[in-house]
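Reader: I keep tripping over the labels people put on models like this one. Walk me through a few, please, with the cut-offs behind them.

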Amino acid sequence: MKARRIMLGIGLLALAGGLVGRKMGIIPSIPISTIILGGISVVLIMDGLRHKNFFLILMPLAFIAQRVYSYWGVFSSIGLVEALGIAAIAAAGLTVLFGNKKKKIMAGKNRGYINNNGSWGGNGAPGQPGRGFGGGAGGQGGNGTTLDQNRFVQQPGFTGNGEPIPEGYGYPDDDGDNVVIDNGFGKLTRYLHSSNLKKVKIDNGFGNCIVYYDNVYVDKDGSKLEIDNGFGQVDVYIPPFYRFKMKQDNGFGSINIFGNCSLDPDAPLIDADIDNGMGKVNIYFG
Amino acid sequence: MKIRVEIDDRLNEDEEEVVIRCSSLSEEVMMLQKQVSEIVSSKLKLEVFKQDTVLYLKPEEILFLETADNFLAVHTAKDIFSAKQRLYELEEILPSAFVRISKSAIVNITKIRSVKRNITGPSEIEFEGTIKRAYASRNYLKQLMNRLEEKRLNK
């Protein structure tokens, strides 16, 4: 998990900074144990921000505030247990007001697909609409395109007659059945080419990750799409002739869908599981 | 400035040439050169590939070109093709409506609908009639905005 590694890295940097500060006499009165726990607290706060967990944000924050600042007389009147208690109550209040439950869209018994307007198009009762869902611009409809017309029939790198495509034509290699895309910082663009795609896993930390389902034929049993986004932006372009269902866990960021997926029940299904922290995930059908 | 046209029916179309003879490279001459280049490049058709199919795209059909995964992706409103040239080679032959927006991308400014500026990161470019987006890096944004302004004033 790239985002978790980044958070761990930031926590370790905070810990190193604290130890250097102590050694240099900037924060001489703070014990090493408090500095170590402070570093762990930073990691917990970052994780809390990603998953919009107010307990994970406020409890470590209260610990840092009480333990660190009490040495400078700011919170001297509030003990550690009291500070943690206050933080727990405040976190409970914030969770009641703003907390979000893990949202499942078109999953479980209520399998189906997204309608053009972003509403439920499957059998059974509709799932909870997710935040930002169906709020996109019109885009191109996928109804005029059938899967057969776009099916990836020949082996990549070879023509339909089995002859190799001449060198220099820039034809990309097949990515295989399972694709893992890992981006920390910066911009990463990937064009997927697969004759039997089963799973795509995108792990993005702070950067901008753009993925195109370019020459892709999804496995007949469907394909999984897992997105774990921390603080960056992930854009995924999916051809409109696939069905799509999504389960989302969104923290403080946003998950948006643009365009329309297929309504054909025989079309292969892309089953997405999106875990977004404070960033932005955009799914484009077109 | 005199204008002379010589017709030689022995020449093939690819042997035709325009020569501007001048005493110095004045602004007028440069404008003339630019106009001629525009006419020549507007006739260009780019050879692109989709699997084993070769297609010939007019520049006005292209939204943007981008290098990724060791190949050059040519984006139209509805499709993605690959081209065998390098990005800098195409930058030289494509009409002036194509502007570089990052180290790895060139955009057709005639297709741009909006540019969403972002102070901290790349700015998002939206196009007419498609949901596709491209991103202009901060280093190239000023150049892009200048070209868009030029285009607006020319119209």
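Author: Let's start with burial: buried means under 20% relative accessible area, exposed means over 50%, and partly exposed lies in between, with a 1.4 Å probe and only protein chains considered. This is a predicted model, in which local features need pLDDT of at least 70 and side-chain atom pairs count only at pLDDT 80 or more, while totals for chains, interfaces and linings use all residues. Residues are numbered from 1 along each chain as its sequence is written, chains are lettered from A and ligands numbered from 1 in the order in which they are written, and side-chain values use heavy atoms, leaving out hydrogens and water.

Reader: Why is Arg113(B) called partly exposed?

Author: Arg113(B) has 46% relative accessibility, so it counts as partly exposed. Its partner in a salt bridge is Glu126(B), at 2.6 Å from N to O.

Reader: What makes Arg113(B) and Glu126(B) a salt bridge?

Author: The term asks for a side-chain nitrogen of Lys or Arg within 4 Å of a carboxyl oxygen of Asp or Glu. At 2.6 Å, N to O, the two side chains meet that. Arg113(B) lies in strand 8 (residues 112-116) of chain B and Glu126(B) in strand 9 (residues 123-127), 13 residues apart; strands are DSSP runs of E with at least two residues, helices are runs of H or I with at least four, and both are numbered from the N terminus. Through shared partners, salt bridges join Arg113(B), Lys116(B), Glu124(B), Glu126(B) and Arg133(B) into one network.

Reader: And why does Glu126(B) count as buried?

Author: Its relative accessibility is 13%, so Glu126(B) goes down as buried.

Reader: Which salt bridge crosses between chains?

Author: That pair runs from Lys50(B) in strand 1 (residues 46-50) of chain B to Asp214(A) in strand 5 (residues 208-218) of chain A. The closest N and O atoms of Lys50(B) and Asp214(A) are 3.5 Å apart. Both Lys50(B) and Asp214(A) are buried. Over all chains, the whole structure has 18 salt bridges.

Reader: How do you know that Lys245(A) is buried?

Author: Lys245(A) has a relative accessible area of just 6%, so buried is the label. Lys245(A) also pairs with Asp271(A) in a salt bridge, the closest N and O atoms being 3.7 Å apart.

Reader: What makes the patch around Glu13(B) a patch of negative charge?

Author: Patch members have over 30% relative accessible area and no salt bridge, with like charges joined within 9 Å and nonpolar side chains (Val, Leu, Ile, Met, Phe, Trp, Tyr) within 5 Å. Asp and Glu count as negative, Lys and Arg as positive, and His and the chain ends are not counted. Each charge is placed at NZ of Lys, CZ of Arg, CG of Asp or CD of Glu. Here Glu13(B), Asp14(B), Glu15(B) and Glu16(B) gather on the surface. Glu13(B) has 63% relative accessibility and so counts as exposed. Glu13(B) sits in the segment before helix 1 (27-42) of chain B.

Reader: Why isn't Val36(B) called buried or exposed, but partly exposed?

Author: Val36(B) shows a relative accessible area of 24%, so it gets the middle label. Val36(B) belongs to helix 1 of chain B.

Reader: How many helices and strands does chain B have?

Author: Chain B has three helices and ten strands. Of its 155 residues, 37% count as buried.

Notes:
Areas by Shrake-Rupley, 256 points an atom, 1.4 Å probe, with all protein chains shown as cover.
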